[in-house]
Amino acid sequence: MKTSIATVSLSGNLSQKLEAIAGAGFDGIEIFEQDFLASDFTPGDVGQMVRDAGLEITLFQPFRDFESLPEPYRSRAFARAARKFELMNQLGTDLVLVCSTTHPAALGGIDRMARDFHDLGDLAKRHGVRVGFEALCWGRFVNDHRDAWEVVRRANHPNVGLILDSFHTLARRIDPDSIRAIPGDRIFFVQLADAPAIDMDLLYWSRHFRNMPGEGDLDVTGFMRAVTATGYAGPLSLEIFNDQFRSGLPRLVAQDGHRSLIAVMDRVRRVEPALPADLPAFAPPAPVAGVEFLEFATSAEEAPGLEALLRSCGFEKTGNHVSKPVGLWRQGGVNVLVNTDASGFANSSYLVHGTGVSEIALMLPDARAAFERASALLAQPHAQAAGEGELSIPAIRGVGGSVLRFLDATSDLGRIWDIDFRTSPAGAGAGLTRVDHIGQTMPYDEMLSWSLFYTSIFDAHKSPVVDVVDPDGLVRSQAVQSGGLRVTLNGASARGTLAGRFIEDSFGSSVQHIAFASADIFATAAAMASRDFPVLQIGANYYHDVEARFGLPPALVERMRLANILYDEDAGGQFFQFYSAPRPDGFFFEIVQRQGNYQGYGAPNAPFRIAAQKRAARPAGMPKR
């Protein structure tokens, strides 16, 4: 599979874009004309820079407002084309994109356009280049790839072909299966982009809200199934117009782009196995059975405070690692590790982020297969030497440089507690049974990256993005679920929000809260209160409202008020939750109980929770220690 990306998709100058694109492993680039014009390099210099980076220029674009023009506009268009072809010769590329006209003087007419493209093909042939015609979804006369194909078909010139763009097809809700009738050798180039489902002007939607395949709501997989069925074997390229990406880190955006192309073609071959997919063999995405353990990196000085919080939740220390200063705290099906090692990855994580979750271990059907899949999808492997007789656990780097470890029950990896730890039985605890979900906080412009990370590596689905109101700004939140793994991605752009302050305090994206499940939240709350759990205090006004809003029995609401428990419900069931007061660094625990088939996370309660946390938190600017 030959991969490419348009320079317009990334931030930075041309040199920075080339570095990011080459570093992400792409084969080629589309040179967006504005990027070239804004540089001080000659065409020959740019061509050499691209080749020196190990890339090729797969496309030069765009050439606008060409077809069906009356004189003198037509002659001017051909003169412009000749200049572009000369420029392409100097750049070292042989394909230009001509997008369907929006010119007010254009006359339209399929035959007229076909004649123009036949003549343009003759001009292109003399310069040794090719022309690709693309239907803009807002084009004046041609806004459907089927009409663009008819123009190309009637032009009947070997140097004139079709360019397909998933956004332009899917934004107009055109059935992508109509592509299957087009001969693959007449398709010169394919561009891919996804987008969230938003009802707005097509041009504005396209120019500001495109994202990587798999990050939006368009059926890019269906589009690529149709393209692949034609026999098309050329480059797959990303053309992403997105304000967020154009202000983000070019390295991260480029890496996401390459990952998205691998993921979409992997989905194509899983959904329609008869289609060829130029990818190496690796395992299909698997669901996560659950979170096997969470590891906190901390220091010997700060560990007692963390352990006191765990003890107040009903956890007991039941073991130690055989060779490292790592304690095992257990309750129900929850395993928490406290790592005070003064060397290695945990210590590095502590020095950078402070006390926090440095590792998450997931139980999967086949750990090695999951690791190989993650590596094929460009996840960064993580390796750390294991002691003699200890397990070597497959691992990748996750959000904010944390580590995801992969375990399974069918190999020695399922015996981690017997092999790597010396353990004793745990007591009854406070009724916590498992990890319900993990809240990861990040800058807003990283949210799509981490959503793509989870949904491409695992058999996962994502919920719609919701706005969480903080008194000092909005936080966007999106849940991703894969089997027993639930992750809420919380993107902050305002520094004054609780999430924004946490990012500053922890120096980057990391786990801000962990939610544990209980089968009887009132009993759990009472057991934890007896252990001096620092519960987050919720104001009385909330309970007056929730009683009226849901018609709850007054006796139940009084029990909730006394225990500081919040409530939500949906068509599937009911949800109860309470929180710890935030630690000085902003980290907190949550306890939840799901009844029926409730699938949410108590989002309507978030503003009240945040307001209470801000009342309980240290004032902004006060040191953590």
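Which residue in β2 is the bridge partner of I5? Let's start there and work along the chain. One caveat before anything else: this is a predicted model, so please keep that in mind throughout.

Okay, the answer is I29. That pair belongs to β1, residues 3-6, and β2, residues 28-32, which run parallel and share 3 bridges. Now zoom out a little. Those two strands open a closed barrel of 8 strands, going β1-β2-β3-β4-β5-β6-β7-β8, with parallel pairing. On average, and ignoring direction, each strand in there is turned by 30° against its neighbour.

What sits on the barrel? Take α5: this helix packs on the sheet and touches β4 (95-99), β5 (130-134) and β6 (160-165). Its direction makes about 150° with that of β5. Then there's α6, residues 145-155, lying across β5 and β6 and running at about 170° to β6.

Stay with α5 for a second, since there's a helix pair to look at. How far apart are the axes of α4 and α5? They are 10 Å apart, and the two helices, residues 73-91 and 110-127, pack at an angle of about 30°. That angle is under 35 degrees, so α4 counts as roughly parallel to α5. The crossing of α4 past α5 is right-handed. If you want to click through the contact, α4 brings R74, F78, A81, A82, F85, E86 and N89, while α5 answers with R115, D116, D119, L120, L123, A124 and H127. By type, the residues of that contact come out as 7 nonpolar, 2 polar and 5 charged.

Right, on to another sheet. Here we have an open one, again with 8 strands, in the order β14-β15-β13-β9-β12-β11-β10-β16, and the pairing is mixed. At the edges you find β14 (395-397) and β16 (421-423), each pairing on one side only. Neighbouring strands in this sheet are turned by 25° against each other on average, direction ignored.

For a local look, go to β13, residues 356-363. With β15, residues 403-407, β13 forms a parallel pair over 5 bridges, and in that pair E359 stands opposite V403. Lying across this part is α12, residues 344-353, which covers β9 (290-297), β12 (334-339), β13, β14 and β15 and runs at about 65° to β9.

Now pick one residue in that sheet: L337, in strand β12. Is L337 buried or exposed? Its relative accessible area is 2%, and the cut-off for buried is under 20%, so L337 is buried. Leaving out residues up to four places away in sequence, L337 touches F293, L294, E295, F296, V326, G327, L328, W417 and F421. L489, on the other hand, is 152 residues along the chain from L337, and their C-alpha atoms are separated by 23 Å.

Compare that with R434, over in strand β17. R434 has 37% relative accessibility and counts as partly exposed. Among the contacts of R434, sequence neighbours within four places aside, are V334, R486, A515, F516 and A517. There's also a long-range pairing in sequence terms: R434 and V291 are 143 residues apart along the chain, with 8.0 Å between their C-alpha atoms.

That brings us to β22, residues 510-518. How many of its residues are buried? It's 9 of 9, so to speak the whole run. With β17, residues 432-443, β22 pairs in the antiparallel sense over 8 bridges, and one partner pair to look up is H437 with A515. β22 also runs parallel to β25, residues 588-596, and 5 bridges join the two. There, H513 stands opposite F588.

Last stop is α17, residues 521-529. Its buried residues are I521, F522, T524, A525, A527 and M528. And what covers them? The list includes α11 (303-312), β17, β22, α19 (554-563), β24 (573-579) and β25. Notice that β17, β22 and β25 are back again, the strands we just saw paired through β22.

That's my tour. Happy to rotate the model to anything you'd like to see again.

Definitions and conventions. Residues numbered from 1 in each chain as written. Predicted model: local features only at pLDDT ≥ 70, side-chain atom pairs only at ≥ 80, totals over all residues. Heavy atoms only, no water. Buried < 20%, exposed > 50% of the residue type's maximum accessible area, 1.4 Å probe, protein only. Helix = DSSP H or I, 4+ residues; strand = E, 2+ residues; numbered from the N terminus. Pairing = 2+ DSSP bridges. Axes fitted to C-alpha atoms, helices over the stretch in contact; angles between N-to-C directions. Parallel < 35°, antiparallel > 145°, perpendicular 65-115°, else oblique. Left-handed = near helix turned anticlockwise from the far one by under 90°. Contact = heavy atoms within 4.5 Å. Nonpolar A, V, L, I, M, F, W, Y, C, P; charged D, E, K, R; others polar.
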